[in-house]
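User: I've got a structure open and want to check the reasoning behind some of its labels. Can you walk me through it?

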Amino acid sequence: FRSAREIFNMYHEVSSIKGKDDFVMSLTEGVLRPDFTTDTVEGRQEFLKNLIGFYVILEGIFFYSGFVMILSFHRQNRMKGIGEQFQYILRDETVHLNFGIDLINTIKAENPEIWTDDFKDEVIKLIKTAVDFEYQYAADCLPHGVLGLTASMFQDYVQHIADRRMERIGIPAQFNAKNPFPWMSETID
């Protein structure tokens, strides 16, 4: 059994958890500066990058990877109570994700000058970094696999959902990975 202190300290001591946390926090640094403004193209790009970081990366990739792990156990009639709660949370997060993607696409449509090739390349790099962090997290959670789940399945899944998120904001798929959990698509689509 792990103590509460040991679990809390994982945010500082386990590189995959710390890396994900630091990465997501870095996406909001710019908009939290006292002099931040959306009066410039760069400011609007910084704001859009923040939205992509929150909605596409955090809610659209990181959260869904966590959902699939618990819901996989629920499908095996394990962790029934928490699995049922995760189904409700997933429905809510799907609404958040769709709102965020609509917001991102609206900002892009109203400010076409911010959606440059260089900016799209930056977004692709951010998403690829997020996918790497999430895969490392899955590898740390499932070093030897458990109850039919393996880290490699999560690599495919994270790449698959990253492609779906990118396509929804107008970026071509980068990974072309197959979904090892097709029942997740049935659950959320």
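User: Where does Asp163 sit, and what makes Asp163 count as buried?

Analyst: This is a predicted model, and Asp163 is found in helix H7. Buried means under 20% relative accessible area; Asp163 comes out at 4%, so it counts as buried.

User: Which residues is Asp163 in contact with, leaving aside its neighbours within four places in sequence?

Analyst: Those are Ala173, Gln174, Phe175, Asn176 and Ala177. As for Ile61, it is 102 residues apart from Asp163 in sequence, while the C-alpha to C-alpha separation is 9.9 Å.

User: Asn176 is on that contact list. Is Asn176 buried or exposed, and how do you know?

Analyst: The cut-off for exposed is over 50%. Asn176 has a relative accessible area of 63%, so it's exposed. Asn176 belongs to the loop between H7 and helix H8 (182–188). Its phi is positive, about 55°, although Asn176 is not a glycine. Gly170, just after H7, has a positive phi too, about 90°.

User: Back to H7. How do you know that its span agrees with what 1.5 Å a residue should give?

Analyst: Helix H7 covers residues 151–168, which is 18 residues, and the expected span takes 1.5 Å times one less than that number. That gives 26 Å, and the end C-alpha atoms are 26 Å apart, so the two agree. Besides Asp163, the buried residues of H7 include Phe154, Tyr157, Val158, His160 and Met166.

User: And what does that check give for H5?

Analyst: Helix H5 (residues 80–110) has 31 residues and reaches 45 Å from first C-alpha to last, close to the expected 45 Å. Among the buried residues of H5 are Phe86, Leu90, Glu93, Leu97 and Lys108.

User: Why is H6 called roughly antiparallel to H7?

Analyst: Two packed helices are described by the angle between their axes and the distance between the axes. For helix H6 (residues 117–141) and H7, the axes come within 9 Å and cross at roughly 155°. Angles over 145 degrees count as roughly antiparallel, so H6 gets that label relative to H7. The crossing of H6 past H7 is right-handed.

User: What makes up the contact of H6 with H7?

Analyst: From H6 there are Ile124, Ile127, Val131, Glu134, Tyr135, Ala138 and Ala139. They meet Ala151, Ser152, Phe154, Gln155, Val158, Gln159, Ala162 and Met166 in H7. Sorted by kind, the contact has eleven nonpolar residues, three polar and one charged.

Definitions and conventions
Residues numbered from 1 in each chain as written. Predicted model: local features only at pLDDT ≥ 70, side-chain atom pairs only at ≥ 80, totals over all residues. Heavy atoms only, no water. Helix = DSSP H or I, 4+ residues; strand = E, 2+ residues; numbered from the N terminus. Buried < 20%, exposed > 50% of the residue type's maximum accessible area, 1.4 Å probe, protein only. Axes fitted to C-alpha atoms, helices over the stretch in contact; angles between N-to-C directions. Parallel < 35°, antiparallel > 145°, perpendicular 65-115°, else oblique. Left-handed = near helix turned anticlockwise from the far one by under 90°. Contact = heavy atoms within 4.5 Å. Nonpolar A, V, L, I, M, F, W, Y, C, P; charged D, E, K, R; others polar.
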